[in-house]
Amino acid sequence: MFCPSWIELSESALRQNLRFLREQLGPDVTLCSVVKGNAYGHGIENFVPLAERCGVRQFAVFSADEAERCMRCHTEDSQVMIMGPVDGEALAWAIETGVSFFVHDLPRLAEAIATAQRVRRPALVHLELETGLNRTGIALEEQPQVAAMCQQASADVLVQGVCTHFAGAESVSNYLRIQQQLQRFATGVESLRGLGVDVSTRHTACSAAAFTYPESRLELVRVGIMQYGFWPSRETEMHHLLREGLESADRAANPLKRVMTWKSRVMGVKSVPPGEFVGYGTSYQTTRRERIAQIPVGYYHGFARNLSNLGHVLVRGRRAPVVGAVNMNMMMIDVTDLDGVQAGDEVVLIGRQKRNQITVSSFSELTRFLNYEVLVRLPAAIPRSVVA
Ligand SMILES: *Cc1c(COP(=O)(O)O)cnc(C)c1O
């Protein structure tokens with residue numbers, strides 16, 4: 001192991017999360033695993049085969065390069081959909097490989113049809129409808145033309161799905177806007193149906209929508225954050241608890257288990273006399289003789305500099321505070337009150353050690369990064385491995 005830190009993915013945690021999700025979604029809803037952002041920092045190459053072992057057969061990514069990585073590492077007959085950009089060579093590749101993709105406007109549809117005719121394979125498309133996010137999506141007025149193009153090139157374009165995306169389903173403050181989106185989606189689908197388009201697979205829900213607005217589940221849901229063991233927001237979690245009517249005793253048991261643990265090792269420990277500054281600058285001064293341990297992880301590795309004098313790590317099963325500034329490649333922790341800490345001791349940056357744990361949300365609370373952001377900022381270069 002050459003890297004100063006590493007990430008372990010727990011197969012049992014993922015199995016538990018998927019079991020919970022499937023139980024909640026019921027047998028008629030297909031679960032599509034969202035693995036954009038390097039599988040939310042878990043590593044596409046590690047996560048996709050693991051998820052396949054746990055029964056997942058559908059994956060969604062943002063871009064064609066991520067789809068290509070999925071196609072290289074998958075071990076089952078899984079399907080991959082691209083939710084973001086794909087054009088030119090990438091589009092030809094996607095069509096030839098049978099990777100499906102969102103069509104969010106007329107030029108994309110036209111290019112898809114032309115490319116499909118050139119490579120002599122049908123394009124597998126998901127028609128993305130504009131329902132109020134106002135980011136990407138086909139407007140209601142454009143639907144007749146979309147339908148006509150699809151019918152004219154019916155051998156070259158197969159509609160695999162009709163979809164949309166919500167404008168913040170994790171917050172109740174967007175409630176009315178989401179209701180409006182659901183309505184517009186229903187209208188859009190009816191219109192497409194009337195125009196003779198196959199609307200048998202509808203998908204709108206991300207994790208938060210699937211749990212807060214069950215009517216958004218339809219035939220397929222695109223689940224990202226929850227499969228990795230995180231609630232999209234406290235609100236989504238509370239919504240679920242209240243709907244289930246769970247008693248306070250049951251609330252202690254979160255059905256979602258964190259899949260990821262991020263670890264490193266102590267480089268060394270030194271004794272610093274009272275009244276000394278530690279590390280760059282003067283943000284931390286010892287008040288007594290302190291034992292200060294060095295950890296070879298810094299903001300380059302995804303440990304935010306905002307956690308200077310604020311974050312914690314676990315060593316010997318106890319919490320140790322970060323003292324001084326988080327550097328590019330290192331940080332220091334105070335282990336004065338922890339017995340026997342020495343070079344080589346395992347350090348947990350995210351995850352559990354004995355009876356303590358550092359959660360990803362504790363990072364978010366301290367740095368105002370979203371859960372999502374903390375995860376995807378973990379560099380791809382950190383080695384990942386699967387543990388039981
Ligand atoms: C990221 C994303 C999702 C998954 O969102 P989660 O909140 O992680 O479940 C679903 N759909 C689209 C279009 C996305 O971009």
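## Cavities, a pocket and a bound ligand

The second largest cavity has a volume of about 30 Å³. A cavity here is a set of points on a 1 Å grid over the protein atoms alone where a 1.4 Å probe fits but cannot get out, with lining residues having an atom within 4 Å of a point. Volume is the space filled by probe spheres set on the points, which are joined across faces, edges and corners. Gly302, Ala304, Leu307, Phe363, Phe369, Val374 and Arg377 line this second largest cavity, giving five nonpolar, one polar and one charged residues. In this scheme Ala, Val, Leu, Ile, Met, Phe, Trp, Tyr, Cys and Pro are nonpolar, Asp, Glu, Lys and Arg are charged, and the others, Gly among them, are polar.

A word on the model: it is predicted, with local features needing pLDDT of at least 70 and side-chain atom pairs counting only at pLDDT 80 or more, while totals for chains, interfaces and linings use all residues. Residues are numbered from 1 along each chain as its sequence is written, and side-chain values use heavy atoms, leaving out hydrogens and water.

Now to the largest pocket, which holds about 1,600 Å³ of space. Of its 50 lining residues, Ile225, Trp231, Pro232, Asn371 and Tyr372 are the closest to its centre. A pocket is an open set of points with protein on both sides within 12 Å along at least five of seven lines. Its lining divides into 20 nonpolar, 17 polar and 13 charged residues. Helix 12 gives the most, with four residues; helices are DSSP runs of H or I with at least four residues, numbered from the N terminus.

What surrounds the ligand? Val34, Lys36, Tyr40, Met83, His165, Cys206, Ser207, Arg222, Val223, Gly224, Ile225 and Tyr372 do, each with a heavy atom within 4 Å of the molecule. The table gives polar contacts of ligand oxygen atoms, a polar contact being a pair of N or O atoms within 3.5 Å.

| Residue | Protein partner atom | Distance to a ligand oxygen |
|---|---|---|
| Tyr40 | side-chain N or O | 2.5 Å |
| Ser207 | side-chain N or O | 2.5 Å |
| Gly224 | polar backbone atom | 2.9 Å |

Taken alone the ligand exposes 390 Å², and the protein buries 90% of that, with areas from the Shrake-Rupley method and a 1.4 Å probe.

Definitions and conventions:
Helix = DSSP H or I, 4+ residues; strand = E, 2+ residues; numbered from the N terminus. Polar contact = N/O pair within 3.5 Å; in protein donor to acceptor, adjacent residues only side chain to side chain.
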